[in-house]
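Here are a few short exercises to work through with the model open on your screen. Try each one before you read the solution.

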Amino acid sequence: LEVYFCYLFTVIKHHALKGSAGRTTPRSEVLALAKQQLTNLGKLAYQNLLQTKIIFSREDLKNYGVTPADIQSTFLCAHKEETVETFSFFHLTVQEHLAALYCATNLFSQEDIMQALDLWCFGIHPSSSTVALLQSNDLNMDKLENLQMFTRFFMGMLRARLAGQLEGLIDPTVKRVEDIPTRLGLWFQNQFKERKLKNQTTLNLLHCLMEFHIEETTSIAAPEIKTLNLFKMKLSVVDCAAMHYVLQFSPHSLKDLRYNCLDKQAAVLESEVLKSNQCQVKKLYMCGNNLGPEGVLKLWNALEHNTTVEELYLDITGITERGTENITNMELDVYLIFFVVPLCEGYLTKVGRKRLRDLEQCRPDLRIIANFVDDLGLLQAYLDWVEEIQVDRDQMDSVKNADALQSVLNGLRVAGVEKGENAEKAKELQTKIEELLKWDNIEVTHQYSRDWMIG
């Protein structure tokens, strides 16, 4: 948000006002000079965002009091195709940001703000409202997820307004409303408590809390997050930062981070959570995340300072020999860790596998599964996952499940599926994965990479 706000202020001061503001002109005066422009642009941005409309005609601009010649080079770009001229914001996020600014400077009462969040997050129209921007019937109910970034911007802009950073855009005669942070905390608390939230909606609410970034609000809301299920969602580093910020205020356990395409940077953030004195994580599922050896080492170091984790799952995380360095010398102050590495026979050299055996000998309380073909529970878990993908094929594209499936398949081939008491179940899993990958037009290779053959 700060980057966009800086961009907004800079282009207003040096471009939109065309020399009306000097280098030392206070921000409040700069915003006051641009107030009408920003109001018109914000209204254009907001009302069309509800309809998922991003292309405007000259007539559209005129209806909102926007003159292309005045702001075209600042916020809008023109498109010309034969005799048809259209306009758009330079980027969708610019439209979302201006829409958020417009709403943050036109919603003042607690009730209006809560009704606005109900509308943007859940499509619930207010039963009655005198605020024009809440009376619109143009909301595209099928595309509420398209409003998520705008909603996050709004929360950040609302924080900026409460901190007095939008002076010049706010009518000084408007009565200031107290206790908005408290009321917002109760609103978020109610969503986590009463609603059966979809994964993406849950994540968006975490982002909104992070953008608002007021401890009072987050402290009220976070304790209602008793479980956080983000299973198979592709999480970015920013997503992890939002989780990190909110969960430090929660006394409950973080539960499911499987198949989220987390990388080394995300592992760093998760490590900070584990090292926190407020950490309440008991089960940590990091399966299917590309943590790599450095990310895994970060987790080991964090676990040395953690007293709550009881179970840790690390299959398909890209763990290699380097990820086992110093593992036998670590003083893990935990009651029990299930260190599950069903594919480590493929990823680890003889040195890495020896380290695991040494760890098992010096820590008999640990349960290390190095060959998942030998564990019926894990085999069944993978079968359940594969069958879920068969029913919902969109999952193949959502979080790079094809790569994870290929890893499981390689692990099956390395471990061997023709022998052992679970051979029938292992063969069934191999067959289903091969079928899935073929259906997805992915070449199923029977050649092992050199990494699989080491050792």
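Before the first exercise, a definition: two strands pair if DSSP finds at least two bridges between them. Keep in mind that the model is predicted.

**Exercise 1.** Work out how strand β2 is joined to strand β3, and find which residue L76 stands opposite.

*Solution.* Start with the ranges: β2 covers residues 76–81 and β3 covers residues 84–89. Next, look at the bridges; 6 of them join these strands, which run antiparallel. Now go to L76, and you'll find F89 of β3 opposite. Finally, check the turn: the hairpin has 2 residues between the strands, and E82 takes a positive phi near 60° there.

**Exercise 2.** Take stock of the whole protein: how many helices and strands are there, and what share of the residues is buried?

*Solution.* Count the elements first: 21 helices and 7 strands. Then turn to burial, where under 20% relative accessible area is the cut-off. By that test, 52% of the 455 residues are buried. As for the outside, the protein exposes about 22,000 Å², with carbon and sulfur atoms supplying 47% of that area.

**Exercise 3.** Find which residues touch the most other members of the largest nonpolar core.

*Solution.* The largest nonpolar core has 82 residues, and W120 and F154 are the ones to pick. To see W120's surroundings, skip its neighbours within four places in sequence; its contacts then include Y46, L50, C103, L133, F150 and F154. There's also a second, separate core of 19 residues, with W385, L405, V408 and L429 among them.

Key: Residues are numbered from 1 along each chain as its sequence is written. This is a predicted model: local features need pLDDT of at least 70, side-chain atom pairs count only at pLDDT 80 or more; totals for chains, interfaces and linings use all residues. Side-chain values use heavy atoms; hydrogens and water are left out. Helices (H or I, at least four residues) and strands (E, at least two) are DSSP runs, numbered from the N terminus. Buried means under 20% relative accessible area, exposed over 50%, partly exposed in between (1.4 Å probe, protein chains only). Accessible areas come from the Shrake-Rupley method with a 1.4 Å probe; for residues, only the protein chains shown count as cover. A nonpolar core is a set of buried Ala, Val, Leu, Ile, Met, Phe, Trp, Tyr and Cys residues joined through side-chain atoms within 4.5 Å. Contact means heavy atoms within 4.5 Å.
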